[in-house]
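The following note is intended for a colleague who is meeting this structure for the first time. It proceeds in numbered points, from a term that is needed later to the individual residues.

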Amino acid sequence: MDAMNSSADNYGLTTVGNRSSSPFPEWSGGGNWSSQNETTAILCPLFESTDDDDYNLLFEFVTYGVLLNVIGVFGILGNVISMVILSRPQMKSSINYLLIGLARCDTVLIVTSMLLFGLPVVYPATGHLFNYYFKVYPLIAPVVYPIAMISQTVSVYLTLTVTLERFVAVCHPLRARSLCTYGRARAYVVATIAFAVFYNVTRFLEVTVQKCMHTGSNQYVYQVYPSDLRNDHNYISIYIHWMYLLIMYFIPFGSLAVLNAAIYRQVS
């Protein structure tokens, strides 16, 4: 979850020194954009590397390029195994349906995290995956990033829903038969997805893609820079910071603490 935090810095919208500290290729006002007329190519911004940047790049490569990708692969395998087991007819129940939905959501989150953070850092660190870094990643990131945020939101609130169902089953067993049904579980999943999409819909408007000429390879590539909405101070303060803190941390984790405390007291 911290890989996509409220400041969206890991989305490549900040720079450190003279080079972006994120694997996300972006432009935020620096570098060398030039366009004299229709026949003049727009040049990609150039950034000079410093010792601090090299250290940050090495750290990002180890954490994102190696650890995130390796752990992500095992996470996907684990989720697939869980979905296969929980999808068996004899395992059909409301709680298992919620767990299947959670596993699916977590799988999407893992895949999008690898696409956003795991693969893009390979090129700056090793020189490989040039086409992905400059031609594929900038085009898919404006869509993949909102999907990742939606998946993150769904994952958080499905976890809360699972805990809420366990609370009903333990603390109100007589009502569990009517409240914890397969149909209700499906409705909870649909409602959670709808809420997550509604809450994160503005994420699709946060960046703009720019086509430019990469002077090193003498070919056209794509880069991403923040939109006017993403640079708006009120948007950053209210939505990126405070709403994220409230909706993604205070409400779900506070509710989890209360529900788990009630379950613990009931079984003690």
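1. A residue is called buried when its relative accessible area is under 20%, exposed when that area is over 50%, and partly exposed in between. Tyr-132 has a relative accessibility of 12% and therefore counts as buried. This residue belongs to helix α4. When neighbours within four places in sequence are left aside, Tyr-132 is in contact with Leu-115, Leu-119, Pro-120, Tyr-137, Pro-138 and Ile-140. For one of these partners, Pro-120, the C-alpha to C-alpha distance to Tyr-132 is 7.2 Å, with their positions twelve residues apart in sequence.

2. The model is predicted, and its confidence should be considered early. Mean pLDDT for the chain is 83, and 82% of the residues reach 70 or more. Residues 5-39 have pLDDT below 50, although in the model this stretch makes 101 contacts beyond near neighbours in sequence. Any reading of that stretch should keep the below-50 value in view.

3. As to overall organisation, the chain contains eight helices and two strands. Their order along the sequence is α-α-α-α-α-α-β-β-α-α. Of the 268 residues, 42% count as buried. Among contacts in the chain with a separation of 6 or more, 72% join residues 24 or more positions apart.

4. The UniProt record, an unreviewed entry, gives the feature "transmembrane region" at residues 61-86, 98-123, 143-164, 185-201 and 239-263. Two of these spans may be compared with the model. Residues 61-86 are 100% helix and 0% strand, with 35 Å between the end C-alpha atoms. Residues 98-123 are 88% helix and 0% strand, and their end C-alpha atoms lie 38 Å apart.

5. Which residues touch the most other members of the largest nonpolar core? They are Leu-116 and Phe-167, in a core of 34 residues. Helices α1 (51-86), α2 (94-118), α4 and α8 are the elements that each give two or more residues to this core. Helix α4 supplies the largest share, 13 residues. There is also a second, separate core of twelve residues, with Ile-95, Leu-98, Leu-102 and Val-189 among them.

6. Thr-161 is a further residue of helix α4. Its relative accessible area is 13%, so Thr-161 is buried. Outside its neighbours within four places in sequence, Thr-161 is in contact with Leu-98, Tyr-188 and Thr-192. Leu-98 is also included in the second core.

7. The structure holds 14 aromatic pairs. One of them joins Phe-130 and Phe-134, whose ring centres are 5.0 Å apart and whose planes meet at 50°, a tilted arrangement. Both residues lie in helix α4 (residues 130-171), four residues apart, or about one turn of the helix. Phe-130 is buried at 16% relative accessibility, and Phe-134 is buried with a relative accessible area of 6%.

8. Is the pair formed by Tyr-249 and Phe-253 stacked or tilted? The ring centres of Tyr-249 and Phe-253 are 5.8 Å apart and the planes stand at 25°, so the pair is stacked. These two residues lie in helix α8 (residues 233-267), likewise separated by four residues, about one turn of the helix. Tyr-249 is partly exposed, with a relative accessible area of 25%; Phe-253 is also partly exposed, with 41%.

9. Aromatic residues also take part in other arrangements. Tyr-157, Phe-195, Tyr-199, Tyr-235 and Tyr-239 form one aromatic cluster. The charged end of Lys-92 sits over the ring of Tyr-182, at 4.6 Å from the ring centre. Similarly, Lys-211 lies over the face of Tyr-220, where the distance to the ring centre is 4.8 Å.

10. A final point concerns backbone geometry. Most residues other than glycine have a negative phi. Leu-129, which is not a glycine, has a positive phi of about 65°. This residue is found in the loop between α3 (122-126) and α4. At 39% relative accessibility, Leu-129 counts as partly exposed.

Terms used: Residues are numbered from 1 along each chain as its sequence is written. This is a predicted model: local features need pLDDT of at least 70, side-chain atom pairs count only at pLDDT 80 or more; totals for chains, interfaces and linings use all residues. Side-chain values use heavy atoms; hydrogens and water are left out. Rings of Phe, Tyr and Trp (its six-membered ring) pair if their centres lie within 6.5 Å; planes under 30 degrees apart count as stacked, over 60 as edge-to-face and the rest as tilted. Buried means under 20% relative accessible area, exposed over 50%, partly exposed in between (1.4 Å probe, protein chains only). A charge sits over a ring if NZ of Lys or CZ of Arg is within 6 Å of the ring centre and within 35 degrees of the ring normal. A nonpolar core is a set of buried Ala, Val, Leu, Ile, Met, Phe, Trp, Tyr and Cys residues joined through side-chain atoms within 4.5 Å. pLDDT is the predictor's confidence in each residue, from 0 to 100. Contact means heavy atoms within 4.5 Å. UniProt positions are given in the numbering used here, feature names are shortened, and annotations may be inferred rather than shown by experiment.
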